[in-house]
Amino acid sequence: MPLTSTLRMAALALLWGSGFLWIKLALNHGLSPAQITITRCALGTAVLLLLARSAGQRLPRDRGTWGRLTVAALFCNAVPFALFGVGEQTVDSGVAGVLNATTPLWSLLIGIVLGTDRGLGRLRLTGLFLGFAGTLLIFAPWHRSGLLTWGAVALLAAAASYAVAFAYMARALTGRGAPLAVSAAQLLTATAWTTLALPAAGPVRTDATGLLAVGALGVLGTGVTFYLNYRLIADEGPTSAATVGYLLPVVSVGMGAVVLGEDVGWRVLAGMGVVLVGVAFSRPRRPYPFPSTHGGSAPSPPLSSNAGRAGSQPPGRCHYAP
């Protein structure tokens, strides 16, 4: 891999993985989950609109695409973004990053239930069981100090919401329009969804740290990361880009421990290792075809650098990060 792509991958992992830290900092400095969600969607939309404009890509114009984006934005942005804010009120940012890594496992489970995932085998089923066993190890409901709380359930629900969105978008949005423009449109729709929570957001009582945290989350963790992922896929392909997903929980745990002083016990570390092994086993052996980066049209990147099927995700804004 060229040095440029390696550096881009490192930057992408750092920015995506640090999203859990920004959420925790924003919460600790007075912002509510609704305020964080609304602000990050609006800032991310602004970044993506600028990127789409600079690339000469236009927003979709047909009602059908906008209708599909409305559904996608709900399950791939508005709901999980809000649930991450709710979950991290009681759960450490590092643990949130580990639980987020279960998204591909939920995708595989949904595929099994719906009968759409036919590439099953012993290895992938083993990965599914390992992934959820690792999650159970992190929760440790048998232990008095276990993590089985409503916050942890909200984080798992966020990961499952991403998986639902992937299943829907793979059928409804694949190949529709230029990826940067469609992503901007989806996040614009998510911003509209989140504004419905304004009455419950409450007054803004924060300081400079809270504003910087939510600003970094929206601009860097929601807007800039999409472009980095887009370029990495265009240069190296979806399989290489998918490896970033394995670094996200490592980054979240490390930054939570270093910056916030979060206690990382052996059980969380062991559970993280089991979850990541399970995710690796659960992937299909051969990724879906990926559009050529040469020619008149831009490639359609996966929505997530760590989605259940590397390279199979349609264009849109649904990276599976906080």
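Reader: Where is Thr 225 found?
Author: Keep in mind that this model is predicted. If you follow the chain to Thr 225, you land inside a helix that covers residues 208-236. That helix is α11.

Reader: Is Thr 225 buried or exposed?
Author: The cut-off for buried is under 20% relative accessible area. Thr 225 has a relative accessibility of 0%, so Thr 225 counts as buried.

Reader: How far apart are the C-alpha atoms of Thr 225 and Leu 14?
Author: Along the chain, Thr 225 and Leu 14 are 211 residues apart. In space, their C-alpha atoms are separated by 9.6 Å.

Reader: What about Val 47, is that one buried or exposed?
Author: Val 47 is found in helix α3, residues 33-54. Its relative accessible area is 16%, and the limit for buried is under 20%. So Val 47 is buried.

Reader: Which residues does Val 47 touch, not counting residues up to four places away in sequence?
Author: One distance sets the scene: the C-alpha atoms of Val 47 and Phe 226 are separated by 9.6 Å, though the two are 179 residues apart along the chain. With those close places in sequence left out, the residues that Val 47 touches are Val 219, Gly 223 and Val 224.

Reader: Which residues is Ile 110 in contact with, leaving aside its neighbours within four places in sequence?
Author: Ile 110 has its place in helix α6. Its C-alpha is 7.6 Å from that of Ala 163, with their places 53 residues apart in sequence. Leaving those neighbours aside, the contacts of Ile 110 are Ala 163, Val 164 and Ala 167.

Reader: At what angle do α4 and α9 pack?
Author: α4 is residues 63-87 and α9 is residues 179-195, and their axes are 8 Å apart. α4 passes α9 in a right-handed crossing. The packing angle is about 65 degrees.

Reader: How many nonpolar residues does the contact of α4 with α9 have?
Author: On the α4 side you'll find residues including Trp 66, Leu 69 and Phe 81, and they meet a set in α9 that includes Val 182, Leu 187 and Trp 193. Sorted by class, this contact has no charged residues and five polar ones, and the nonpolar count is 14.

Reader: Why do the buried residues of α14 line one face of the helix?
Author: Among the buried residues of α14 are Val 268, Met 272, Val 275 and Val 279. Looking down the axis of α14, its buried residues fall within a limited arc, so they line one face. As background, an α-helix has 3.6 residues a turn, so residues three or four places apart point the same way. For α14, the arc is 160 degrees.

Reader: What covers the buried residues of α14?
Author: Several helices take part in this cover. Including residues 93-100, 103-114 and 122-139 as well as one more helix, the list has α5, α6, α7 and α13.

Reader: How far apart are the end C-alpha atoms of α14?
Author: α14 has 17 residues, and at 1.5 Å a residue they should span 24 Å. The model agrees, because its end C-alpha atoms are 24 Å apart.

Reader: Is Gly 261 buried or exposed?
Author: Gly 261 is found in the loop between α13 and α14. Exposed means over 50% relative accessible area. Gly 261 has 56%, so Gly 261 is exposed.

Reader: How many helices does the protein have?
Author: From the N terminus on, each element in the run is an α. The strand count is zero, and the number of helices is 14.

Technical notes. Residues are numbered from 1 along each chain as its sequence is written. This is a predicted model: local features need pLDDT of at least 70, side-chain atom pairs count only at pLDDT 80 or more; totals for chains, interfaces and linings use all residues. Side-chain values use heavy atoms; hydrogens and water are left out. Axes are lines fitted to C-alpha atoms, for helices over the stretch in contact, and angles run from 0 to 180 degrees between N-to-C directions. Helices (H or I, at least four residues) and strands (E, at least two) are DSSP runs, numbered from the N terminus. A crossing is left-handed if the near helix is turned anticlockwise from the far one by less than a right angle, and right-handed if clockwise. Contact means heavy atoms within 4.5 Å. Ala, Val, Leu, Ile, Met, Phe, Trp, Tyr, Cys and Pro count as nonpolar, Asp, Glu, Lys and Arg as charged, and the others, Gly among them, as polar. Buried means under 20% relative accessible area, exposed over 50%, partly exposed in between (1.4 Å probe, protein chains only). The expected span of a helix is 1.5 Å times one less than its number of residues. The arc is that of the directions from the helix axis to the C-beta atoms.
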